[in-house]
Amino acid sequence: MARALWKGSISFGLVNVPIELHTAVRNHRPKFRMLHAKDKSPVKFERVCIRDGQTVAWEDLVKGYEYAKGHFVVLTKEDFQAAAVEKTRTVDIIDFVKADAIDDRFFETPYYLVPTKGGERAYALLREAIRESGRIGIAKFILRDAQHLAAVEVIKDAIVLSVMRFVDELVDVKQFDLPGDGGIRKAELDMAKALVNSLAAEWDPGKYTDQYRENLLRIIKGKVKGKKVDLEPAAEPRQAEVVDLMERLRRSLEQGAPRQARGNLSLSKVGGRGGQKTAVKARRTTKKATSKKRTGRAA
């Protein structure tokens, strides 16, 4: 088993379950180092003082907060200790809330909570209680000296802890000048909905791959072998102008829709500005689909 990032317990009420925290995601993208172009040697970065240009040793560094441009206040080790909350080894569940009540923007990084020896039965009990409740636990815990908000949920056979953002970390969408729906015409909406329905599919995470990573690895492997790898350049999509929107939707339906869905689409002309508009008459069966929030997030 992989090494645990954190060991402690998960607490709800007076019940404590001994657990370990393990990462639930991994980064497969290739990592790069900066090299000197002349001789391909790795470059070492130094800590240089902006004022005198001299290298600064680790022991001569302090932490400063820039409260105004060019003005800093220095925080000492004692300041950080005074600000710290009690450093416990417990994931304290505060509330259980409905899953669909949480905005997905709150979620950050998922981790697996794994029971330690002797805690298997209590772990299974908590897991099934959460599963059958249909709710998500909201907890706080300390990781690397910082307090974090977290969601505790069940995914398959695991209890998954997802680090969450606090509410003041979210940007208020009201600051953006977003359009309303007053200018949308019914013909446009019908065609756009037909396009959405034509691309409907079951969720299959294995279907979606990182093309950029795959291309990079092909180039890297080719260079290691002294070969040049020719990749087909991706076609850049053209921006759709407002006056061009209906035509773009029609062409998307004709060219981009799956073959079986395309066969159910009938295009016809309707009146509009300039005498003609294109609308879609689609015979399709409305399917009721339900999806669980973040199902497979940590799978």
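The paragraphs below lead through one buried serine and several salt bridges of this predicted model.

Because the model is predicted, local features are taken only where pLDDT is at least 70 and side-chain atom pairs count only at pLDDT 80 or more, while totals for chains, interfaces and linings use all residues. Residues are numbered from 1 along each chain as its sequence is written, and side-chain values use heavy atoms, with hydrogens and water left out.

A starting point is Ser9, which lies in strand 1 (residues 6-12); strands here are DSSP runs of E with at least two residues, helices are runs of H or I with at least four, and both are numbered from the N terminus. With a relative accessible area of 13%, Ser9 is buried, a word that stands for under 20% relative accessible area, whereas exposed stands for over 50% and partly exposed for values in between (1.4 Å probe, protein chains only). Leaving aside residues up to four places away in sequence, Ser9 is in contact with Asn16, Val17, Pro18, Ile19, Arg89, Thr90 and Val91, where contact means heavy atoms within 4.5 Å.

Strand 1 also holds Lys7, whose side chain meets that of Glu20 in a salt bridge at 3.8 Å, N to O. This pair links distant parts of the chain, for Glu20 belongs to strand 2 (residues 15-23) and the two residues are 13 apart. Glu20 is buried at a relative accessible area of 14%, and Lys7 is partly exposed at 49%. The term salt bridge requires a side-chain nitrogen of Lys or Arg within 4 Å of a carboxyl oxygen of Asp or Glu, and a search of the whole structure finds nine of them. Side chains of opposite charge can pair when their charged atoms come close.

Other salt bridges lie within helices. In helix 2 (residues 120-133), Arg131 and Glu128 are three residues apart and therefore separated by about one helical turn, and their side chains meet in a salt bridge at 3.1 Å, N to O. Arg131 is partly exposed, with 36% relative accessibility, and Glu128 is likewise partly exposed, with 28%. Both residues also take part, together with Arg127, in a network of salt bridges.

In helix 3 (residues 186-198), Asp190 and Lys186 are four residues apart, so about one helical turn separates them. The side chains of this pair form a salt bridge at 2.7 Å, N to O. Here Asp190 is partly exposed, with a relative accessible area of 28%, whereas Lys186 is exposed, with a value of 62%.
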